[in-house]
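Got your viewer open? Load the model and let's take a walk through it, one selection at a time.

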Amino acid sequence: MQVVYMRIVQCLLLASLFLVGCTKPNAEMSKCENVMLVRIAEIEVNDGYLEEYLAAAHNVGTKSVEVEPGVICIFPMQVKDAPNTIRIVEIYRDEEAYQAHLQTPHFLEYKQGTLHMVKSLQLVATEPLAPEAMPLIFKKY
């Protein structure tokens, strides 16, 4: 649990560092709000592939954050009461960073290697409601 908590904090810290540059007057703020791409991947894993899928998701998330400057956060999570249900919070610097991520060898290996493991996949695009509040999270931490 401590590792999970620290990983969430790391993702939020990276996102807040990005957003600090976006705490500008209202006219300029709207430009910053539309830059960052935030989505949630909702995945259902086929029975019999859970451990293998979890390892692959962990690896691609870690590698992406480590080597891709435009990947702010890829944080896979398992739903407690439904272990085959996975949610991945993804935060990219912008659309260009997301498109670049889709072409990386580690993502392509993950995608091709897990196709048979995934029962369903839905990508949910989101828009942060208060991106200027992100840095405040760390004052409480």
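We'll begin with the whole chain and then step into a pocket.

Before you click, know that this is a predicted model, where local features need pLDDT of at least 70, side-chain atom pairs count only at pLDDT 80 or more, and totals for chains, interfaces and linings use all residues. Residues are numbered from 1 along each chain as its sequence is written, and side-chain values use heavy atoms, with hydrogens and water left out.

**Stop 1: the whole chain.** Switch to cartoon view and look for 6 helices and 4 strands (DSSP runs: helices are H or I with at least four residues, strands are E with at least two, numbered from the N terminus). Tracing from the N terminus, you'll meet them in the order α-α-β-α-β-β-α-α-β-α. Of the 141 residues, 35% count as buried, meaning under 20% relative accessible area with a 1.4 Å probe, protein chains only.

**Stop 2: the second largest pocket.** Select Glu90, Phe107, Tyr110, Lys111 and Leu121: of the 19 lining residues, these are the closest to the centre of the second largest pocket. (A pocket is an open set of points on a 1 Å grid over the protein atoms alone, where a 1.4 Å probe fits, with protein on both sides within 12 Å along at least five of seven lines; lining residues have an atom within 4 Å of a point.)

**Stop 3: the walls.** Now colour β1 (37–45), α3 (50–67), β3 (85–92), α4 (95–102), α5 (105–114) and β4 (118–126), which each give two or more residues to this lining. Which element supplies the largest share? That's α5, with 4 residues.

Definitions and conventions:
Buried means under 20% relative accessible area, exposed over 50%, partly exposed in between (1.4 Å probe, protein chains only).
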